[in-house]
Amino acid sequence: MTEVIVLNGGSSSGKSGIARCLQAVLPDPWLTLGTDTLVEAMPASMRASDAGIEFAPDGQVIVGPEFRTLEAAWIEGVAAMARAGARVIVDEVFLGGVDSQKRWQKALGELRVLWVGVRCDSAVAAGREVARGDRVIGMAASQADVVHRGMVYDLEVDTTHAESMECARTIAAHVS
């Protein structure tokens, strides 16, 4: 039985929408937690510091050692919830590529995980980014491809032309 679904994709690729749709179509209750959850939980002072996380004007995201410490604890906490019986959808942006996936793999250990790549054409994601109005312009374009480099997925979906619900149904069909 799948215990964790990890959605990895760049900013504005459609992960959050897919996660909400998965919650609607999967028969059991699933929690959705993501990197935005972690960032929002941090003190505001960490969102503009060398030690925390910085969002550069060109859309680059720079993370420091205090962020990494909190992120490691958060990842372990998410894994602990899944071990305790909560089914979890993780909405992530693997800025560190394979190293990011390895951190999650280590924490999730023996849990049954469905690894899903959420792709979206960078121009489409950039358009969504502008429409959202809550992101630094340039994040979507800079992340669209880099987050997938070297990744190993069980499944990939592409939101360039597919709606969130269609992608969610594709993913749900792979959840056992």
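This note goes through a predicted model point by point, from overall shape to single residues.

1. Overall build. The protein has seven helices and seven strands. Read from the N terminus, these elements follow the order β-α-β-α-β-β-α-β-α-β-α-α-β-α. The radius of gyration is 15 Å, close to the 16 Å that the globule rule gives for 176 residues, so the protein is as compact as a globular protein of that length. The C-alpha trace spans about 40 × 35 × 25 Å along the principal axes. Of the 176 residues, 48% count as buried.

2. Strand β1. This strand covers residues 4-8. Five of its five residues are buried, so β1 is largely enclosed by the rest of the structure. In a regular strand, side chains alternate between the two faces of the sheet. Here both faces are covered: one side carries Val4, Val6 and Asn8, the other Ile5 and Leu7, and all of these are buried. Strand β1 pairs with β5 in the parallel sense over five bridges, and it pairs with β6, also in the parallel sense, over five bridges.

3. Strand β5. Residues 87-92 make up this strand. It is mostly covered, with six of its six residues buried. Arg87, Ile89 and Asp91 lie on one side, while Val88, Val90 and Glu92 lie on the other, and both faces are covered. The buried set thus includes Arg87, Asp91 and Glu92, residues of a kind that counts as charged. On the β1 side of the pairing, Asn8 has Glu92 as its bridge partner in β5. Strand β2 (residues 30-34) runs parallel to β5 and is joined to it by five bridges. One of the residues involved is Thr32, whose bridge partner in β5 is Ile89.

4. Strands β6 and β7. Strand β6 (residues 113-119) is mostly covered, and six of its seven residues are buried. In its pairing with β1, Val6 has Trp115 as bridge partner, and Leu7 stands opposite Val116. Strand β7 (residues 155-158) pairs with β6 in the parallel sense over four bridges. Val116 appears in this pairing too, standing opposite Leu155 in β7. Taken in order of pairing, β2 is joined to β5, β5 to β1, β1 to β6 and β6 to β7.

5. The largest pocket. About 640 Å³ of space lies in this pocket. Its lining consists of 37 residues, and Thr35, Asp36, Val93, Arg135 and Met139 lie nearest its centre. Several elements each supply at least two lining residues, among them α1 (15-25), α2 (35-41), α3 (65-83), α4 (98-108) and α6 (139-143). Strands β3 (53-55), β4 (61-63) and β5 (87-92) also do so. Which classes of residue form the lining? There are 13 nonpolar, 11 polar and 13 charged residues in the lining.

6. Cysteines. How many disulfides does the structure hold? There are zero. Why does Cys21 form no bond? Its sulfur is 8.9 Å from the closest cysteine sulfur, that of Cys167, and this is too far for a bond, given that a disulfide needs two sulfur atoms within 2.5 Å. For Cys120 the closest cysteine sulfur is also in Cys167, at 9.5 Å, again too far for a bond. Cys21 counts as buried at 15% relative accessibility, and Cys120 is buried with a relative accessible area of 9%.

7. Ser12. This residue sits in the loop between β1 and α1. Its phi is positive, about 65 degrees, although Ser12 is not a glycine. Is Ser12 buried or exposed? At 5% relative accessibility, Ser12 counts as buried.

8. Ala173. The segment after α7 (164-172) contains Ala173. At 63% relative accessibility, Ala173 counts as exposed. Ala173 and Gly85 are 88 residues apart in sequence, and their C-alpha atoms are 21 Å apart in space.

Technical notes:
Residues are numbered from 1 along each chain as its sequence is written. This is a predicted model: local features need pLDDT of at least 70, side-chain atom pairs count only at pLDDT 80 or more; totals for chains, interfaces and linings use all residues. Side-chain values use heavy atoms; hydrogens and water are left out. Buried means under 20% relative accessible area, exposed over 50%, partly exposed in between (1.4 Å probe, protein chains only). On a 1 Å grid over the protein atoms alone, a cavity is a set of points where a 1.4 Å probe fits but cannot get out, and a pocket is an open set with protein on both sides within 12 Å along at least five of seven lines; lining residues have an atom within 4 Å of a point. Grid points are joined across faces, edges and corners, and a volume is the space filled by probe spheres set on the points. Two strands pair if DSSP finds at least two bridges between them. The radius of gyration is taken over C-alpha atoms; the globule rule is 2.2 Å times the number of residues to the power 0.38.
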